[in-house]
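Reader: Please take one helix of this complex and look at it closely, then set it in the context of the chain that carries it and of the partner chain. I would also like to know how far the model can be relied on.

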Amino acid sequence: MATRTITIARPRPVPQGGTLGTWLFGFRALLKGIAVTNRHFLRNLWGFIRRKPTVFTVQYPEQRFPFPNAFRGMPVLVQMDNGKERCVACGLCEWACPTDCITIYPAETEDEIERHPDVFDINMSRCMFCGLCEEACPEEAIVMSHNVEIGAFSRRGTLWHKEDLLIPVSQLDPRLQHIRRNYDR
Amino acid sequence: MPTITIDGQTIEAPAGAMLLPVALENGVHIPHYCWHPKLSIDGSCRMCQVEVEGSPKLVIACNTPIRDGMVVRTKTPAVENTRRGVMELLLVNHPLDCPICDKAGECLLQDYSYAYGSRRARTREPRRKLEKRKEIGPRMILDQERCILCRRCVRFTREITKTNELGVFNMGDHSVLDILEDKPLANDYSINTADVCPVGALESKDFHHKLRVWFLKKTESVCPSCANGCNITVHHYRDRIWRMMPRRNDAVNDTWMCDHGRLNYKHVNSTDRLRQPLLRRNGQLEACEWNEALSNAASALRQAARDTAGRSIAAVASPHLTNEESFRFGQLLRNLGVGRIDVAVVVGKSDDLLIKAEKAGNARGARDMGLVAGGGVPAILEAAAKGEIRVLYVCGPDLWQTTDRQQLEQTLANVDCLIVQDTVRSPLAERAHVVLPSLTFAEKSGTFTNVAGRVQQLHQAINPPEGQLGDGEIFSRLLAQITEGPPTFDPAAVLGEIAQAVPAYAGLTLEKIGSQGWQPTAGDTSAPAGASV
């Protein structure tokens, strides 16, 4: 097969170094940039002094942004009004979890709901907030909360037990409404 | 033989056979609840209805004998509609218990409900309220709401155990499964009713609310609790046994197993397990390294063998060893010139169904491997009492359980070195000079020979803790220290040695044993695997 050579026009390389004109142009651009930064700094400073900020900054952790209901923070367990968990330890979240971060040991109770988790651990260092546990749950017992502050100083601290995970149902109502609306049940 | 056509597939089957088993054996799945391969035909669930050409209505496949030229269709709209109708009626009163039901995941009602069920109930009436969590026996729980009245369990207690504990009481839609007040379901085979139950109405107390079945991994094995060698499946997860289930083998246990065998797995998960070799120093048993324990045992054996040509050594083998391990033990003892060997076996009650008197899985195999010589346990104890035995090598707990305690303790006081090889801490181990921890049936592979001489395979189900040696490895390492042979133990290779050395096992290979076992005397009678239950 015969080879054919073609010539492609390439853009001219930008000259390095340059004339006095290019130097001056660059210096002017630098001053312009500094002026923008300083203008914003002074305006914010003035607003801060007058206590009327003109720009939007959330002063975390004193201020917090309200998350929308579709937001997925760490999964928590729903606590019923009688103080017990709604979970019946059916194991579907454990099965659905792609990172295997949930560990459940079921046990029998004397209540009308005869089964509950004796152990319900979530390894938060593995959880990736996908929400599949919430979607799999047939009892609306595990939901994604708005809590994202789950840092810990040790590996052990990233392991959350049932007692730490229980959140009263009244605090989780918006999210429960959301999953009822959006998931096919 | 009559020839029939099912869904266009031509099938030859023996005359008089029923349509459902013929279809199942030929890969045509017809949904069914009340039919069970080992029970009589009831025809109460109506789920297996199929279309037969020439018949004005649909017929139930489980109770329709085949005839030559029969044309059967199992996937027509009429059949599918009927299945949907039957499912709807079965689900009218079935509670929505799946999240808390132990059967979920292996429940026929759940499976067929996905295939033929409706997502919405059309009934407005409340579901029937009946007794839940009713204790009907020492090992069984009944949930009457979940029952679909297929009567498999009733037929089981009538036909297999012949104890008649369970029955369906009342009539029509008041029918309810129950026991008579004064007769609990307490027979030796009661947990089989949980296996035959297609839903979660009957549940084993032992497995109640323990684990979801879909997490369980399954390994084929043989029950080690008596000489019958029932085929089982070990269900394990996170290196723990959670339950044991019977596996179909028409030549041994059909589809059943006894409660004692089924619940006899706790010692495997026990916290009393011996995990490290122990050595007696200054009168105290102390943990030590494997090398130290083995070289101590080997030097005691070697010394006694050199001084008295093996006459001062006696061995009591365990009937819980596999054939391969027993064979290796035999090699070790022959090398030392040991003349007094026996297998100690616990003997208990037996019945004509499955339970055999010898309460260990491989007593026959150990004897077949030549571990019986020189008058047995009484002769060993007598010789020890006279001070003729310097080294006594005991495998397993059976010697302690079968011999008179006082006599045994007096005898053991005369022995210079007692080597005990066992899986759990025992009174015998407390008196030993060297304790070698070994593995249970679930942690090793090998073969067992049952009371009828059938050789069957065990597969390793769970992983032992790192560094733990099995019986075969212990014998091999001791043998290596004494004869400088290879210290490794490969069950498959040892089986090859057995096939050459033991005449009754000539020509035996793992392929011949397969999943259903091999009968050495009657030739290859391994039955083909039957339809799934």
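Author: In this predicted model, helix α4 of chain B spans residues 152–160, and its buried residues are B:R152, B:C153, B:V154, B:F156, B:T157 and B:I160. An α-helix has 3.6 residues a turn, so residues three or four places apart point the same way. With that spacing in mind, one can follow B:C153, B:F156 and B:I160 along the helix, each of them buried, and B:R152, a buried residue as well, stands at the start of the helix. The cover over the buried residues of α4(B) comes from several elements of chain B, including strand β8 (166–169), helix α5 (192–196) and strand β10 (202–204). Just after α4(B), the backbone reaches B:K162, which takes a positive phi of about 55°.

The helix belongs to a chain that is divided into domain 1 (3–90), domain 2 (128–214) and domain 3 (278–450 + 463–499), and residues 152–160 of α4(B) fall within the bounds of domain 2 of chain B. The centres of domain 1 and domain 2 of chain B, taken over C-alpha atoms, are separated by 27 Å. The contact between these two domains takes nine residues from domain 1 of chain B and 10 residues from domain 2 of chain B. On the side of domain 1 of chain B that touches domain 2 of chain B, the residues divide into five nonpolar, three polar and one charged.

As for the partner, chain A is divided into domain 1 (21–57) and domain 2 (75–182), and 48 Å separate the centres of these domains of chain A, again taken over C-alpha atoms. The contact between the chains takes 11 residues from chain A and eight residues from chain B. Strand β2 of chain A (residues 102–108) gives the largest share of the side of chain A that touches chain B, namely three residues. That side of chain A divides into six nonpolar, one polar and four charged residues.

Turning to confidence, chain B has a mean pLDDT of 90, with 98% of its residues at 70 or more. Among the elements of chain B, helix α13 (residues 405–413) has the lowest mean pLDDT, 85, while strand β11 (residues 217–222) has the highest, 96. Over residues 523–533 of chain B, however, pLDDT stays under 50, and for this stretch the model has 24 contacts beyond four places in sequence. Where pLDDT is low, the predicted coordinates should not be read in detail. For the complex, the predictor gives an ipTM of 0.78 and a pTM of 0.86.

Methods:
Residues numbered from 1 in each chain as written. Chains lettered and ligands numbered in written order. Predicted model: local features only at pLDDT ≥ 70, side-chain atom pairs only at ≥ 80, totals over all residues. Buried ≥ 20, exposed ≤ 12 C-beta atoms within 10 Å, placed from the backbone. Helix = DSSP H or I, 4+ residues; strand = E, 2+ residues; numbered from the N terminus. Contact = placed C-beta atoms within 7 Å. Nonpolar A, V, L, I, M, F, W, Y, C, P; charged D, E, K, R; others polar. Domains from an automatic or database assignment. pLDDT = per-residue confidence, 0-100.
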